[in-house]
Amino acid sequence: MRLYIEALIRTDPEILWERTQEPAQHQRWDLRFTEITPLPGPPEGPQRFRYATRVLPFLTVSGTGTSAGERLRADGERVSALRFASAQRLSPLAEGSGYWRYVPTAEGVRFLTGYDYRPRWGRCGAVADRLVFRPLMGWATAWSFDRLRLWCEREVGPARSLAYALAEVAARALLVAAALPFGPAAVLPAALAALLLPPSPRTPAARRCLRRPPGRPAAAPSLLTRLERP
C-alpha cells in the first residue's frame, strides 16, 4: 500500500465506527467523495456501493465498490476493507483497494488507512499521478482524517470545519495582499507567515496526521484478500 495516513482520535470507538462505516456519515467528512450510495444486496457479507466525486464544478467522476468490515476481533482491533473501480475514461483512477484499521490505545483510537490504486491514461497518467494526483490524494485523505477527528472529539461538524478552513485561507490570502503595497520586503515575511502559522484548533489540517507508519508497516488485513473486485 503506497499511501498511508494515520490519526489519533480520542472518541468512543462506536462513534468512530458509525461515522466511517455509514455511507451517509462517511460522505460528510471525506473530501475524496461527494456522494456514496449503497447498492441493493444481501444485508450480510460485503456491501456494494456507488461513489461519485466532483472533480470540477462541471465534472463528476463515479465508480462502484465493495466493502466489508470486522468489528469483533480477538485482538480488539476493528478493520474494514474495500475494492473500487471506475469505468469512466475521465476518471484518473481505474481501480484500487485499501483498508481501515481501528486500533484501541490508552490515548484514543489509532485510525489508519493504507491504500493503493492503478492510474489510468498509460505512461502520461503514471507521470501525472506521481507528480500531482497521488500527493493530492494523500493530502486530501489526511485533511479529511483531521476533519473527522474534529467532528468526533470536539463535535465540530464537517460543514462547519470546512467553513473555518475557507475562512482561514481567506485570512492568510488577505495578509499577503495587505503587504503588496509595501513591496517585496514586506511580501516575503507575510507570505512566510501565511504558510507557516499553525492552523486554528477548529480548522482541519493534513499536517496533524502521520504520513508514514510509526514502525514496521503492517500487512494488509486478510479481509482485503478475500474481498472480490466490484
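Trainee: Where is Glu155 found?

Mentor: In this predicted model, Glu155 is found in the loop between H3 and H4. The phi of Glu155 is near 60 degrees, a positive value in a residue other than glycine.

Trainee: Why is Glu155 called partly exposed?

Mentor: Its relative accessibility is 43%. Buried means under 20% and exposed means over 50%, with partly exposed in between, so Glu155 counts as partly exposed at 43%.

Trainee: What about Trp121, and why does it count as partly exposed?

Mentor: Trp121 has a relative accessible area of 47%, and because partly exposed runs between 20% and 50%, that is its class. Trp121 lies in the loop between S7 and H3. Its phi is positive, about 80 degrees, although Trp121 is not a glycine.

Trainee: What makes Ala87 exposed?

Mentor: Exposed asks for over 50%, and Ala87 has 78% relative accessibility, so it counts as exposed. You will find Ala87 in the loop between S5 and S6. From Ala87 to Pro119 the C-alpha distance is 12 Å, with their positions 32 residues apart in sequence.

Trainee: And how do you know that Ser144 is buried?

Mentor: The relative accessible area of Ser144 is 0%. Buried means under 20%, so Ser144 meets the cut-off. Ser144 lies in helix H3 and, not counting residues up to four places away in sequence, touches Trp29, Asp30, Leu31 and Arg32.

Trainee: Now helix H4. How do you know that its span is close to the expected one?

Mentor: H4 covers residues 158-179, which makes 22 residues, and reaches 32 Å from its first C-alpha to its last. The expected span is 1.5 Å times one less than the number of residues, and for H4 that gives 32 Å, so the two agree closely.

Trainee: Which residues of H4 are buried?

Mentor: They are Pro158, Ser161, Ala165, Glu168, Arg172 and Ala179.

Trainee: Why do we say that they line one face of the helix?

Mentor: Looking down the axis of H4, the buried residues fall within an arc of 85 degrees, so they line one face. There is a general pattern here: an α-helix has 3.6 residues a turn, so residues three or four places apart point the same way. On the other side of H4, Ala159, Leu166 and Leu174 are exposed. The cover over the buried residues of H4 includes helix H2 (23-29), helix H3 (122-154) and helix H5 (184-196).

Trainee: Let's move to the sheet. What makes S1 and S2 edge strands?

Mentor: The open sheet has seven strands in the order S1-S7-S6-S5-S4-S3-S2, with antiparallel pairing. S1 and S2 (35-38) each have a single partner strand, so one side of each is left without a neighbour in the sheet. Neighbouring strands are turned by 20 degrees against each other on average, direction ignored.

Trainee: How do you know that S4 and S5 pair, and S5 with S6?

Mentor: Pairing needs at least two bridges. Seven bridges join S4 (residues 59-70) to S5 (residues 78-85), and S5 and S6 share eight, so both pairs pass. Thr66 stands opposite Arg83 in S5, and Arg83 stands opposite Ser97 in S6.

Trainee: What joins S6 to S7?

Mentor: Eleven bridges join these antiparallel strands, and the partner of Tyr99 is Gly114 in S7. Their hairpin has four residues between the strands, and Gly108 takes a positive phi near 155 degrees there.

Trainee: Why is S6 described as mostly covered?

Mentor: Ten of its twelve residues are buried, and buried means under 20% relative accessible area, so the description fits.

Trainee: Which residues touch the most other members of the largest nonpolar core?

Mentor: Among its 19 residues, these are Ile9, Leu16, Trp29, Tyr102, Phe111, Phe145 and Leu148. The largest share, six residues, comes from H3. H3 lies across S1, S6 and S7, at about 155 degrees to S7. Beyond its neighbours within four places in sequence, Phe145 has contacts including Ile5, Trp100, Leu112 and Cys209.

Technical notes:
Residues are numbered from 1 along each chain as its sequence is written. This is a predicted model: local features need pLDDT of at least 70, side-chain atom pairs count only at pLDDT 80 or more; totals for chains, interfaces and linings use all residues. Side-chain values use heavy atoms; hydrogens and water are left out. Helices (H or I, at least four residues) and strands (E, at least two) are DSSP runs, numbered from the N terminus. Buried means under 20% relative accessible area, exposed over 50%, partly exposed in between (1.4 Å probe, protein chains only). The arc is that of the directions from the helix axis to the C-beta atoms. Contact means heavy atoms within 4.5 Å. A nonpolar core is a set of buried Ala, Val, Leu, Ile, Met, Phe, Trp, Tyr and Cys residues joined through side-chain atoms within 4.5 Å. Axes are lines fitted to C-alpha atoms, for helices over the stretch in contact, and angles run from 0 to 180 degrees between N-to-C directions.
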